[in-house]
Amino acid sequence: MNKASRLFWPALVTPKNAVVKQTEQLSRSQKLLTELGLVKSGSNGTYQIMPIAQRSVDKLFELVDSNMQRAGGQKISLPILTPTGLWKKTGRLEGDISEFYMVRDRSGKQFLMSPTHEEAVTAMLATTAPISYRQLPLRLYQIGPKFRDELKSRFGLMRAKEFLMKDLYTFDVSEETARHTYSVVSEAYDRLFKQLEVPFVKVSAATGMMGGSLSHEYHYVSPVGEDTLLQCSSCGFAGNAEVLDSTVAASTDCPSCRSAQLSQVRGVEVAHTFLLGEKYSKPLGATFLNTSAKPQSLVMGCYGIGITRVLASALEVLSTEQELRWPKLLAPYDVCLIGPKQGSKEQQPAEAIENELLQHIGQICGAQELLHDDRKELTIGKRLLDAKRLGHPLTIVVGARAVQQEAPKLELHVSGGEKMELELNDALKLVAEHSRQKKCLLQGNAVTVQDAEAPRISQSVGHQL
Ligand SMILES: [Zn+2]
């Protein structure tokens, strides 16, 4: 079980009268994550993830892993350092390289601290003994750090110089089978973003520096987004203004249904899918043996999800100025339990109930999902304030009302919802309902309310705009 008293949780304490020098533009998520001690700034544009937030990152890893594996993905790890020679072969060092981190080893050989791994993974396959058409399609993915020397790194984890990415690379025998792979992976992405229950927009995108023929972007809508998206409320069309014809981008008429229902929103790009074709396999000589045992270029696709960016921008979209709100599957803990204050007159009887609850809740949702705020030197009010700011889905308080003779009640706070006063069994029912909803989501099913009598827990409903 997790005890708040033992948790490393370096909240930012700003002394009164301190003059805060604002050097960086702050977003809501960054402000809350920093003030609450969930994320610390390292150097300009790099971040240190503290234990509470790391739990959420780990949950996102698991969710991504399960969806990648459902799409036939196999997990690998590639080195962060990629020889720059490979990037010369694909022509990607000819453009603007100001965002690349480059280092040399003691012999003078130059490497990129990889901003992406198309060259590395393709070169790996090119140096593998002949691959047979029978082994294809091949879908290889990894989750790890990527590096980009952003001119304007800002909004914390949303646009950092070092960030976590999931990158999947797929290899097929033909454009036709690669398109099938594209639809399989797209389905996995759609499922993942629905599981996160944050409204998202999927748009056709420019292929840009990656090259290729087919591409989509997934966006969260937020005023701090750096892309302009056009959405039609009539037919559901959505596009990135960057790739649309300038007359379309400037018009209010939908290019799809011609209604005048086109509006602009700002989007944060959280994932991207590309059909690459032979752009990398040709120059790097990555081939397979076809049915006539002749070498033929592999047809590739690449598929990224910005792990730290998904987390930060989900919080950006869901949270209020004062309180974090998490996607159900990413909340660091499901339940926070707050017991009586040390020395209060209800301490002894209330602690008996507290201990009983610790056991029951642990059995229902798993001990790892329970945070026991055992900082008994603090008042209930102070601990409840922390719990609300941290945005635990459920916070249960064992206070004076829990030990009164007549109709004893626990106080239960739902993140983003009202305070409720419930009998012990009803509080436990809510914990069980929360766990059931999480299970539904993990299986990729829509959350239904099973018990019509049960108070409503679910606040946000994920959908594709
Ligand atoms: Zn339309």
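**Exercises: backbone, helix, rings and zinc**

At 54% relative accessibility, A293 counts as exposed; exposed means over 50% relative accessible area, buried under 20% and partly exposed in between (1.4 Å probe, protein chains only). The model is predicted: local features need pLDDT of at least 70, side-chain atom pairs count only at pLDDT 80 or more, and totals for chains, interfaces and linings use all residues. Residues are numbered from 1 along each chain as its sequence is written, and side-chain values use heavy atoms, with hydrogens and water left out.

**Exercise 1.** Find where A293 lies, and give its phi. Then do the same for E197, and describe the peptide bond from L136 to P137.

*Solution.*
- Start with the background: most residues other than glycine have a negative phi, and most peptide bonds are trans.
- A293 lies in the loop between β16 (287-289) and β17 (295-297); strands (E, at least two residues) and helices (H or I, at least four) are DSSP runs, numbered from the N terminus. Its phi is near 60 degrees, a positive value in a residue other than glycine.
- E197 also has a positive phi, near 60 degrees, and belongs to the loop between α5 (175-195) and β11 (200-204). With a relative accessible area of 6%, E197 is buried, whereas A293 is exposed.
- From L136 to P137 the peptide bond is cis, with omega near 5 degrees. P137 sits in the loop between β8 (131-132) and β9 (138-147).

**Exercise 2.** Check the span of helix α2 (residues 51-70), then look at N67: is it buried or exposed?

*Solution.*
- Take 1.5 Å times one less than the number of residues, which is the expected span of a helix. For the 20 residues of α2 this gives 28 Å, and the end C-alpha atoms are 29 Å apart, which agrees.
- Next, pick out the buried residues of α2: among them are I52, V57, L60, L63 and N67.
- N67 has a relative accessibility of 1%, so it counts as buried. Its side chain makes a polar contact of 2.8 Å with that of Q195 (a pair of N or O atoms within 3.5 Å; within protein, one must be able to donate a hydrogen and the other to accept it, and residues adjacent in sequence count only if both atoms are side-chain atoms).
- Just after α2, G72 has a positive phi of about 80 degrees.

**Exercise 3.** Classify the ring pair of W87 and F100, and name the residue over the face of W87.

*Solution.*
- Rings of Phe, Tyr and Trp (its six-membered ring) pair if their centres lie within 6.5 Å; planes under 30 degrees apart are stacked, over 60 edge-to-face and the rest tilted. The whole structure holds eight aromatic pairs.
- The ring centres of W87 and F100 are 5.3 Å apart and their planes stand at 75 degrees, so this pair is edge-to-face.
- W87 is in helix α3 (residues 84-90) and F100 in the loop between α3 and β6 (101-104), so the pair ties together parts 13 residues apart in sequence.
- W87 and F100 are both buried.
- R92 lies over the face of W87, 4.3 Å from the ring centre.

**Exercise 4.** Which residues coordinate the zinc ion, and what is the arrangement of the four donor atoms?

*Solution.*
- The SG atoms of C232, C235, C254 and C257 coordinate the zinc ion at 2.3 to 2.4 Å.
- Along the chain, the donors follow C-x2-C-x18-C-x2-C.
- Their angles are 108 to 111 degrees, which makes the arrangement tetrahedral.
- C232 is buried at 5% relative accessibility, while C235, at 38%, is partly exposed.

Technical notes
Donors = N, O, S within 2.8 Å, 3.2 Å for Na, K, Ca; no water. Tetrahedral: all angles 85-135°; square planar, octahedral: opposite > 155°, others 65-115°. Lys NZ or Arg CZ within 6 Å of the ring centre and 35° of its normal.
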